[in-house]
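Please take me through this model one stop at a time. Tell me what to select next and what is found there.

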Amino acid sequence: MKVDGKDYRTIWLSDDGWGVEIIDQTKLPFVFETVRLENVDDVARAIKYMLVRGAPLIGATAAYGMALAMYADASDTHMEAAYQQLYATRPTAVNLRWALDDMTSHLKPLAVTDRPAVAYARAAEICDDDVQTCSSIGDHGFKLIKELYEKRGTDAPVNILTHCNAGWLATVDWGTALAPIYKAHNAGIPVHVWVDETRPRNQGASLTAWELGRHGVPLTVIADNAGGHLMQEGRVDMCITGTDRTTASGDVCNKIGTYLKALAAFDNGVPFYVGLPSPTVDWTLDDGRDIPIEERDGDEVTKIQGKTATGEVVVVEIVPEGAHAGNPAFDVTPSRLVTGLITERGVCDASKAGLAKLFPELA
Ligand code: MRU
């Protein structure tokens with residue numbers, strides 16, 4: 001996607017051919033700043049403190065983390081230590097484990113001297129594949145939006161509600177939930193996006209609103225609590241969210257608050273779709289209740305970042321001093337509430353049979 005007329009992905013190799021560049025997402029929407037990562041500690045910090053975030057991008061960054069680890073020391077011991085360090089950064093997005101397993105399965109059989117070059121090549125491939133995969137998710141989701149638009153037979157925009165940020169910033173490019181929206185917008189179908197602010201970290205208000213706005217997609221940021229009301233009023237045609245881990249039976253784990261939107265959508269007959277690449281499916285789990293839910297620092301709830309009238313970016317307290325805060329970062333939407341999964345191979349039921357039909361070799 002373009003930022004101020006220049007093409008960007010969310011992660012790329014530095015000009016020197018070994019450092020890795022990312023966009024610091026903690027600074028958006030106020031400042032666009034890139035950061036260079038030079039070793040596995042830098043990468044672990046970037047994932048843990050969410051300079052990069054979003055399941056597919058976490059996986060892609062971890063892949064480059066392994067490449068940087070191999071650049072420093074390609075021994076078995078160092079590979080294992082890097083794997084463990086990166087794996088411990090964030091527990092819920094399964095793309096992290098997927099990417100680390102993929103990297104080590106390519107590297108382990110090789111001679112130590114061959115590992116650095118292969119690691120960089122494989123990390124680049126994982127990134128390129130993610131772009132292609134997300135573009136395909138966009139194509140399949142586009143058909144759903146187009147169908148809905150044509151069925152309604154009016155020129156009014158299709159109103160789509162999304163939660164958190166599952167756009168290009170959460171992947172290498174295109175996004176998952178937002179890819180169909182970009183494709184529809186690019187094809188001239190009028191779309192309007194209800195953007196859940198997504199407390200506590202506000203990925204909707206800060207990231208989704210930023211990237212959709214930069215691309216010219218009409219949007220309205222809403223408080224997290226507004227979605228149900230808008231659905232009751234018939235002002236939401238469909239919901240599309242992303243996911244950090246979906247079980248083999250179609251239970252969808254995503255940013256906290258997704259479940260409540262799925263309940264409201266179900267109650268109001270609003271289709272609720274989830275965009276995901278196949279590395280986000282955890283084929284080892286059947287029950288969403290077995291997914292580890294990340295518990296983050298209560299500071300994310302008690303404080304909020306914003307820009308003052310004088311242009312200063314500040315963090316302020318919003319609760320009484322000493323108030324205790326809990327911060328579960330994800331929740332699970334049972335498959336029965338999900339209308340369909342939009343994958344790179346097409347749209348399927350959120351069920352074991354649905355996923356197995358599209359991915360027989362993985363199920
Ligand atoms: O905590 P985050 O910002 O990493 O959570 C991101 C989400 O919940 C996204 O919806 C999900 O990763 C899908 S990304 C395409």
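## Stop 1: the ligand

Select Gln 203 together with the ligand: an N or O atom in the side chain of Gln 203 lies 2.9 Å from an oxygen atom of the ligand. The model is a predicted one, and the distances in this tour are computed from it. Next select Arg 90, where an N or O atom of the side chain is 2.8 Å from a ligand oxygen. Then add Gly 54, which has a polar backbone atom 2.9 Å from an oxygen atom of the ligand. To see the wider setting, show the residues around the ligand; there are 19, and the closest are Arg 90, Gln 203, Asp 244, Asn 254 and Lys 255.

## Stop 2: the largest pocket

Move to the largest pocket, which holds about 700 Å³ of space. Select Thr 26, Pro 200, Arg 201, Glu 300 and Gln 305, which lie nearest the centre of this pocket among its 26 lining residues. Now colour helix H7 (203-215), helix H10 (299-302) and strand S14 (303-307), each of which supplies at least two residues of the lining. H7 gives the most, with 4 residues. Coloured by class, the lining shows 10 nonpolar, 7 polar and 9 charged residues.

## Stop 3: the second largest pocket

The second largest pocket has a volume of about 330 Å³. Select Trp 98, Thr 133, Ser 278, Pro 279 and Glu 344, the closest to its centre of the 19 residues that line it. Helix H2 (55-72), helix H4 (95-107) and helix H5 (115-152) each bring at least two residues to this lining. Among the contributors to the second largest pocket, H5 gives the most, with 4 residues. The classes here are 10 nonpolar, 4 polar and 5 charged residues.

## Stop 4: two cis peptide bonds

Go back to Pro 200, one of the residues nearest the centre of the largest pocket. A cis peptide bond joins Arg 199 to Pro 200, with omega about 10°. Pro 200 sits in the loop between strand S7 (191-196) and H7. Next select Leu 28 and Pro 29, which are also joined by a cis peptide bond, with omega about 10°. Pro 29 belongs to the loop between strand S4 (20-23) and strand S5 (34-37).

## Stop 5: two positive phi angles

Select Asp 4, in the loop between strand S1 (2-3) and strand S2 (6-7). Its phi is near 50°, a positive value in a residue other than glycine. Is Asp 4 buried or exposed? Asp 4 counts as exposed because its relative accessibility is 70%. Then select Trp 174, in the loop between strand S6 (158-162) and helix H6 (178-186). Trp 174 is not a glycine, yet has a positive phi of about 75°.

## Stop 6: two cysteines

How many disulfides does the structure hold? It holds 0. A disulfide is a covalent bond between the sulfur atoms of two cysteines. Select Cys 164 and look for the closest cysteine sulfur: it is in Cys 253, 11 Å away, so the two are too far apart for a bond. The cut-off for a disulfide is 2.5 Å between the sulfur atoms. Cys 164 is buried, with a relative accessible area of 7%. Cys 253 is buried as well, with a relative accessible area of 0%.

Definitions and conventions
Residues numbered from 1 in each chain as written. Predicted model: local features only at pLDDT ≥ 70, side-chain atom pairs only at ≥ 80, totals over all residues. Heavy atoms only, no water. 1 Å grid on protein atoms, 1.4 Å probe; cavity = no way out; pocket = protein on both sides within 12 Å on 5 of 7 lines; lining within 4 Å. Points joined across faces, edges and corners; volume = space filled by probe spheres on them. Nonpolar A, V, L, I, M, F, W, Y, C, P; charged D, E, K, R; others polar. Buried < 20%, exposed > 50% of the residue type's maximum accessible area, 1.4 Å probe, protein only. Near = heavy atom within 4 Å. Polar contact = N/O pair within 3.5 Å; in protein donor to acceptor, adjacent residues only side chain to side chain.
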